[in-house]
Amino acid sequence: MDGKGRLLDRRTLLKMGLGAAALAAGCAGLRGPARSVEREPGLRERERHLASLRQLTFGGQNAEAYFSPDGTQLIFQATRDGFACDQIFMMNLDGSGLRRLSTGMGRTTCSFFVPGQPRFIYASTHLGSAACPPRPDLGGGYVWPIYPDYEIFSAALDGSDLLRLTHNWGYDAEGAVSPDGKTIVFTSLREGDLDLYLMDVDGSNVGRLTERVGYDGGAFFSWDGRAIVYRAWHPRRPSEVREYRDLLARHLVRPSRMEIFLMEADGGNNRQVTDLGAASFAPFMHPDGQRIIFASNLHDPTGRTFALYLIQADGTHLERLTYGEAFASFPMFSRDGRLLVFASQRNQQTPGEMNIFLADWVD
């Protein structure tokens, strides 16, 4: 999914304070290694879990950055460098060594390293067309496109040796690899609904994990490989089911209400973690296995801004982590829990710009 959030308008920028605004103005045109992000004292105190915040990308729309198994690199998707839609890139942890890995054709999403192999996975529409697929019409409200040409691929870390893992028209995407490098959890429409599936890392032995009507997606394994955390919306009223199916027939889904769910890696003990009535998504588990970080607009009655939150796996002790930006999402903890990477619109120089940020995590 593209997940670009909302634009940071003048009012929001003013709320960030003059110091943050001045910093944003001073970052224009920056390229290269990471730059430290100075925050006003009040913002630093509210974002107490995030120390030594640094910005890794500058310009374009950069999102969904995930750590390599050894914690030295990040793989992410971005619309930048002359491309009209997202391609897959990799960079070092300090923002240096940026290089494109995907073919440059079609639209790509949801890349992830394969532990134990010099490879990565991602989804792409390039088999359907080399051109970017059309963006959805938002006249009827905000929707995400479920492009039917998305298939999941594996490739070497230089982008070569491209292998197709799924063979199913209708949407296969949102893949993440288990910490042992053996299995992939992903979302598929292959049986008529957006459900989660497991397959071996070579694409074999596909098995279904979820069966409730609705959208189950954005899944990730816990760092110990024992659990899977994901986002979901399950319509209950007949009118909601009709709207969901009508949108799905047009390859769309409306993400205005989603909750966080947790289950064992084989699909057992599936339970709902949040009940916030908001658009909560992009969950990832802390290495301690007891906490989940995710993005949500629950603080905003208009639903237009998103921040990062932390919650216990049993649904207690909800805590807001980020402030002062229009959009923050796609968080991931490093394996040792010392670092947090996420995408944010803070310091943006042009409307819609989103960049990758890295912080030291402080408990």
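Strands here are DSSP runs of at least two residues, marked E and numbered from the N terminus. Keep in mind that the model is predicted.

**Exercise 1. Place Ala-328: which strand holds it, is it buried or exposed, and which residues does it touch?**

Step 1. Start with the element: Ala-328 sits in strand E25, which covers residues 328-333.

Step 2. Now the surface. The cut-off for buried is under 20% relative accessible area. Ala-328 comes out at 0%, so it is buried.

Step 3. Look for neighbours beyond four places in sequence. Ala-328 touches Ala-295, Phe-306, Ala-307, Leu-308 and Thr-322, plus Phe-342, Ala-343 and Ser-344.

Step 4. Pick one of those and check the spacing. Ala-343 is 15 residues away from Ala-328 in sequence, yet their C-alpha atoms are 5.6 Å apart.

**Exercise 2. In the largest nonpolar core, which residues touch the most other members, and which strand gives the most?**

Step 1. A bit of background: in soluble globular proteins, nonpolar side chains tend to be buried together.

Step 2. The largest nonpolar core here has 102 residues, and Val-185 and Phe-281 touch the most other members. Strand E17 (residues 227-233) gives the most to this core, namely six residues.

Step 3. Zoom in on Val-185. Leaving out residues up to four places away, its contacts include Leu-196, Tyr-197, Leu-198, Leu-209, Phe-221 and Ile-228. Glu-174 is also among the residues that Val-185 touches.

**Exercise 3. How do E16 and E17 pair, and what lies in the turn?**

Step 1. Strand E16 spans residues 215-221, and seven of its seven residues are buried.

Step 2. E16 and E17 run antiparallel and are joined by five bridges. One cross-strand match to find on screen is Phe-220, opposite Val-229 in E17.

Step 3. The two strands make a hairpin with five residues between them. In that turn, Gly-225 has a positive phi of about 80°.

**Exercise 4. What is the strand order in the open sheet that holds E3, and why is one side of E3 and of E6 left without a neighbour?**

Step 1. The sheet is open and has four strands, ordered E3-E4-E5-E6, with antiparallel pairing.

Step 2. E3 (61-67) and E6 (99-100) stand at the edges with a single partner strand each, so one side of each has no neighbour in the sheet.

Step 3. For E3, look at strand E4 (residues 73-79): the two pair in the antiparallel sense over five bridges. Ala-63 stands opposite Gln-77 in E4.

**Exercise 5. Cys-110 and Asp-161 have positive phi without being glycine; where does each sit, and is it buried or partly exposed?**

Step 1. Cys-110 has phi near 55° and belongs to strand E7 (residues 108-114). Its relative accessibility is 7%, so Cys-110 counts as buried.

Step 2. Asp-161 has a phi of about 55°, but its place is the loop between strand E10 (151-156) and strand E11 (163-164). Asp-161 is partly exposed, at 45% relative accessible area.

**Exercise 6. How many cavities of 30 Å³ or more are there, and what lines the second largest?**

Step 1. The count is four cavities of 30 Å³ or more.

Step 2. The second largest cavity holds about 110 Å³ of space.

Step 3. Its lining has 15 residues, and nearest the centre lie Phe-112, Val-177, Pro-179, Trp-223 and Met-332.

Step 4. Sort that lining by type: 11 nonpolar, three polar and one charged.

Conventions. Residues are numbered from 1 along each chain as its sequence is written. This is a predicted model: local features need pLDDT of at least 70, side-chain atom pairs count only at pLDDT 80 or more; totals for chains, interfaces and linings use all residues. Side-chain values use heavy atoms; hydrogens and water are left out. Buried means under 20% relative accessible area, exposed over 50%, partly exposed in between (1.4 Å probe, protein chains only). Contact means heavy atoms within 4.5 Å. A nonpolar core is a set of buried Ala, Val, Leu, Ile, Met, Phe, Trp, Tyr and Cys residues joined through side-chain atoms within 4.5 Å. On a 1 Å grid over the protein atoms alone, a cavity is a set of points where a 1.4 Å probe fits but cannot get out, and a pocket is an open set with protein on both sides within 12 Å along at least five of seven lines; lining residues have an atom within 4 Å of a point. Grid points are joined across faces, edges and corners, and a volume is the space filled by probe spheres set on the points. Ala, Val, Leu, Ile, Met, Phe, Trp, Tyr, Cys and Pro count as nonpolar, Asp, Glu, Lys and Arg as charged, and the others, Gly among them, as polar. Two strands pair if DSSP finds at least two bridges between them.
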